[in-house]
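Please look through the sequence and the model below before reading on. The paragraphs that follow go from single backbone features to the sheet, its helices and the pockets.

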Amino acid sequence: MAYVTTNDGVDIFFKDWGPKTAQPIVFHHGWPLSSDDWDNQMLFFLANGYRVIGIDRRGHGRSAQVSDGHDMDHYAADAAAVVEHLDLRDAVHIGHSTGGGEATRYVARHGQPQGRVSKLVLIGAVPPIMVKTPGNPGGLPIEVFDGLRKALADNRTQFYTEFPSGPFYSFNRPGATRSDSVIHNWWRQGMMGGAKAHHDGIKAFSETDFSDDLSKIDVPTLVMHGDDDQIVPIDASARLSVKLLKRGRLKVYETFPHGMCTTHHEVINPDLLAFVRA
């Protein structure tokens, strides 16, 4: 397996598939998952001639289960360590949910200043900021995230079964077709990671303000969001982010859930490819 060691001594796992001369597509996964959550998209882009790179966030998947550094600054720096190790250029970065925050900070603070990034895609992403504050009155109350922390600490394996069974994929909606295999795969990925990393990561994805990062990004950015996203509500995220981006474009998917890359990959993948090729 392939790893890179960061400046603070953390081993970060990554996948690197496809021709080394092809344009690279870098995938940033959601909480509390791993790069395995991008299997469908990575195979799709690989089949279309691209080089695809998936990174397991520190404390997640196969990366080291360290005690510290579970914040967006470290997440972005870890991604930069992989990109610089592989010397990726003209890369398209695609981030889902928490990975959208990670990709935003990476592009703003590392990739764009180094001239390594050509485009950015944010899917169901957490920017600009999730938690309700005086400056973000439309955000979610802190009690929502306290509830996630309590559920994780009380019984993580039960929580990681209930969360994908309900709001993550909108399987709790009337008439929804539940997929036990999708739920199990979500649970599998979550349980691969470390409880402390996941616990600390809730603060990272909910309380980090990405407004300055978004305003600095000048590469073409596609913001994709389902209007039935029960995890990251569209009005407090995508609709605000696109206003801060210099070259942002919002694409809304009617009735699609937070986990739409899995449940509706047959729609999402061609749209991603069209944006990358444009």
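Is Asp-90 buried, partly exposed or exposed? The model is a predicted one, and in it Asp-90 has a relative accessible area of 42%. Buried means under 20% and exposed means over 50%, with partly exposed in between, so Asp-90 counts as partly exposed. The residue sits in the loop that runs between helix 2 (72-86) and strand 5 (91-96). Its backbone deserves a look: phi of Asp-90 is positive, about 55 degrees, although the residue is not a glycine.

A positive phi also occurs at Thr-255, again a residue other than glycine, with a value near 70 degrees. Thr-255 belongs to the loop between strand 8 (248-253) and helix 10. Its relative accessibility is 52%, so Thr-255 counts as exposed.

Cis peptide bonds are the next backbone feature. One leads from Trp-31 to Pro-32, with omega near -10 degrees. Pro-32 is placed in the loop between strand 3 (24-28) and helix 1. Another cis bond joins two prolines, Pro-127 and Pro-128, with omega at about 5 degrees. Here the loop holding Pro-128 connects strand 6 (117-123) with helix 4.

The strands named so far belong to a sheet. Strands of a sheet pair through backbone hydrogen bonds, in either a parallel or an antiparallel way. In this model 8 strands form an open sheet with mixed pairing, in the order 1-2-4-3-5-6-7-8. Strand 1 (2-5) and strand 8 are its edges, each of them pairing on one side only. Averaged over the sheet and with direction ignored, neighbouring strands are turned by 20 degrees against each other. Within the sheet, strand 3 and strand 5 run parallel and are joined by 4 bridges. In this part of the sheet, His-28 stands opposite Gly-95 of strand 5.

Which strands does helix 2 lie across? They are strand 1, strand 2 (11-17), strand 3, strand 4 (51-55) and strand 5, and the helix runs at about 50 degrees to strand 2. Helix 3 (residues 98-111) lies across strand 3, strand 5 and strand 6, and its angle to strand 5 is about 145 degrees. Strand 3 and strand 5 are thus found in the list for helix 2 and in the list for helix 3.

The pockets remain. The largest has a volume of about 200 Å³. Its lining consists of 17 residues, and those closest to the centre are Met-130, Phe-145, Leu-148, Phe-163 and Ile-231. Helix 4 (residues 142-154) supplies the largest share of this lining, with 3 residues. What classes of residue make up the lining of the largest pocket? There are 13 nonpolar and 4 polar residues, and no charged ones.

The second largest pocket has a volume of about 170 Å³. Among its 13 lining residues, Asp-36, Asp-37, Asn-40, Asn-185 and Thr-262 lie nearest the centre. Helix 1 (39-47), helix 6 (180-192) and helix 10 (260-263) are the elements that each give two or more residues to this lining. By class, the lining of the second largest pocket holds 4 nonpolar, 6 polar and 3 charged residues. Helix 10, one of the contributors here, is also the helix that follows the loop with Thr-255.

Note on methods: Residues numbered from 1 in each chain as written. Predicted model: local features only at pLDDT ≥ 70, side-chain atom pairs only at ≥ 80, totals over all residues. Heavy atoms only, no water. 1 Å grid on protein atoms, 1.4 Å probe; cavity = no way out; pocket = protein on both sides within 12 Å on 5 of 7 lines; lining within 4 Å. Points joined across faces, edges and corners; volume = space filled by probe spheres on them. Nonpolar A, V, L, I, M, F, W, Y, C, P; charged D, E, K, R; others polar. Buried < 20%, exposed > 50% of the residue type's maximum accessible area, 1.4 Å probe, protein only. Pairing = 2+ DSSP bridges. Axes fitted to C-alpha atoms, helices over the stretch in contact; angles between N-to-C directions. Contact = heavy atoms within 4.5 Å.
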